[in-house]
Structures are given as C-alpha cells and as structure tokens.
Amino acid sequence: MSDWSDEETDDPTYADRRNFYKVEQWSRDGQYVLDLVFAGSSLDKARRIFERIIKHRPRIRLTIRQRTRVLDQWPKEA
C-alpha cells in the first residue's frame with residue numbers, strides 16, 4: 001500500500017493537476033524552465049532539495065512553485 005502523501009512524479013502536467021510542489025531550474029534569463037528537478041506532495045522535501053542545490057551550485061536559478069504560485073526562488077530578488 002502506498003502513502004499518497006509521499007507521491008512524486010517527473011511529469012510537470014501531472015504535478016500541476018495534483019497541485020504538487022515543483023523545484024525547477026530556469027534559464028539564465030529566467031524566461032523558461034530548463035529542468036524539473038523535483039515534483040511531489042512534500043513541501044519539506046522540495047525545500048531540502050532546493051537548499052542542497054543552491055549550496056552546491058550558487059549561480060543556478062531555481063524556484064519552488066505550486067502551479068503558478070512561486071513559494072521561493074534563487075537568487076533572491078532585490
């Protein structure tokens with residue numbers, strides 16, 4: 001039996017339908033998503049992945065989103 005609260009996917013459309021949290025890597029100019037790093041139902045896991053990536057790649061451009069709502073982004077806006 002699987003626990004729905006720990007569900008993950010690599011399909012961005014499915015992630016939006018399920019209202020999942022997504023960690024996404026963006027282009028340098030911030031115009032489009034290069035990679036879906038994580039999509040799942042756990043905000044805690046999304047935040048851990050987000051923090052780990054920016055620690056190792058400080059020049060990366062990332063967001064944590066839930067559908068169109070941006071919950072966190074890197075680099076932080078001034």
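Where is the place of proline 75? Proline 75 belongs to the segment after E4, and the legends below return to this residue after an overview of the predicted model.

**Figure 1. Overall fold of the predicted model.** The protein contains 2 helices and 4 strands. Read from the N terminus, these elements follow the order α-β-β-α-β-β. The radius of gyration is 12 Å, close to the 12 Å that the globule rule gives for 78 residues, so the protein is as compact as a globular protein of that length. Along the principal axes, the C-alpha atoms occupy a box of roughly 45 × 25 × 20 Å. Among contacts with a separation of 6 or more, 42% involve residues 24 or more positions apart.

**Figure 2. Surface and charges of the protein.** The exposed area of the protein is about 5,700 Å², and 47% of this area comes from carbon and sulfur atoms. Buried residues account for 32% of the 78 residues. The protein carries 16 positive and 14 negative charges, and the mean positions of these two sets lie 5 Å apart.

**Figure 3. The largest nonpolar core.** This core consists of 11 residues: Tyr21, Val23, Phe38, Ala46, Ile49, Phe50, Ile53, Ile54, Ile60, Leu62 and Ile64. At least two core residues come from each of strand E1 (21–26), helix H2 (43–56) and strand E3 (62–66). H2 provides the largest share, with 5 residues. In soluble globular proteins, nonpolar side chains tend to be buried together.

**Figure 4. Surroundings of isoleucine 60, in the loop between H2 and E3.** Isoleucine 60 is a member of the largest nonpolar core. With a relative accessible area of 7%, isoleucine 60 is buried, because this value falls under the 20% cut-off. Apart from residues up to four places away in sequence, its contacts are Gln25, Ile53, Ile54, Trp74 and Pro75. Two of these partners, Ile53 and Ile54, are themselves listed in the core. Between isoleucine 60 and serine 27, which are 33 residues apart in sequence, the C-alpha to C-alpha distance is 8.8 Å.

**Figure 5. The cis peptide bond between tryptophan 74 and proline 75.** The omega angle of this bond is about 0 degrees. Most residues other than glycine have a negative phi, and most peptide bonds are trans. Strand E4 covers residues 69–74, and proline 75 is placed in the segment after E4. Both tryptophan 74 and proline 75 are in contact with isoleucine 60, the buried loop residue of Figure 4.

**Figure 6. Asparagine 19 and arginine 67, two residues with positive phi.** Asparagine 19, although not a glycine, has a phi of about 65 degrees. Asparagine 19 sits in the loop between helix H1 (12–17) and E1, and its relative accessibility of 36% makes it partly exposed. For arginine 67, also a residue other than glycine, phi is near 55 degrees. Arginine 67 is located in the loop between E3 and E4 and is partly exposed, with a relative accessible area of 43%.

**Figure 7. Glutamine 66 in strand E3.** Glutamine 66 has a relative accessible area of 13% and is therefore buried, the limit being under 20%. Beyond its neighbours within four places in sequence, glutamine 66 contacts Asn19, Phe20, Tyr21 and Leu71. Among these partners, Asn19 is the residue with a positive phi shown in Figure 6, and Tyr21 forms part of the largest nonpolar core.

**Figure 8. Valine 70 in strand E4.** Valine 70 has a relative accessible area of 43% and counts as partly exposed. Setting aside neighbours within four places in sequence, the contacts of valine 70 are Thr63, Ile64 and Arg65. One of these partners, Ile64, is a core residue. The C-alpha atoms of valine 70 and leucine 34 are 16 Å apart, with their positions 36 residues apart along the chain.

**Figure 9. Leucine 36 in strand E2 (residues 33–40).** Leucine 36 touches Asp10, Asp11, Pro12, Lys22, Val23 and Glu24, when residues up to four places away in sequence are left out. Val23 is included in the largest nonpolar core. From leucine 36 to leucine 62, a separation of 26 residues in sequence, the C-alpha to C-alpha distance is 9.9 Å. Leucine 62 also belongs to that core.

How values were computed: Residues are numbered from 1 along each chain as its sequence is written. This is a predicted model: local features need pLDDT of at least 70, side-chain atom pairs count only at pLDDT 80 or more; totals for chains, interfaces and linings use all residues. Side-chain values use heavy atoms; hydrogens and water are left out. The radius of gyration is taken over C-alpha atoms; the globule rule is 2.2 Å times the number of residues to the power 0.38. Buried means under 20% relative accessible area, exposed over 50%, partly exposed in between (1.4 Å probe, protein chains only). Contact means heavy atoms within 4.5 Å. Accessible areas come from the Shrake-Rupley method with a 1.4 Å probe; for residues, only the protein chains shown count as cover. Lys and Arg count as positive and Asp and Glu as negative; His and the chain ends are not counted. The place of a charge is taken as NZ of Lys, CZ of Arg, CG of Asp or CD of Glu. A nonpolar core is a set of buried Ala, Val, Leu, Ile, Met, Phe, Trp, Tyr and Cys residues joined through side-chain atoms within 4.5 Å.
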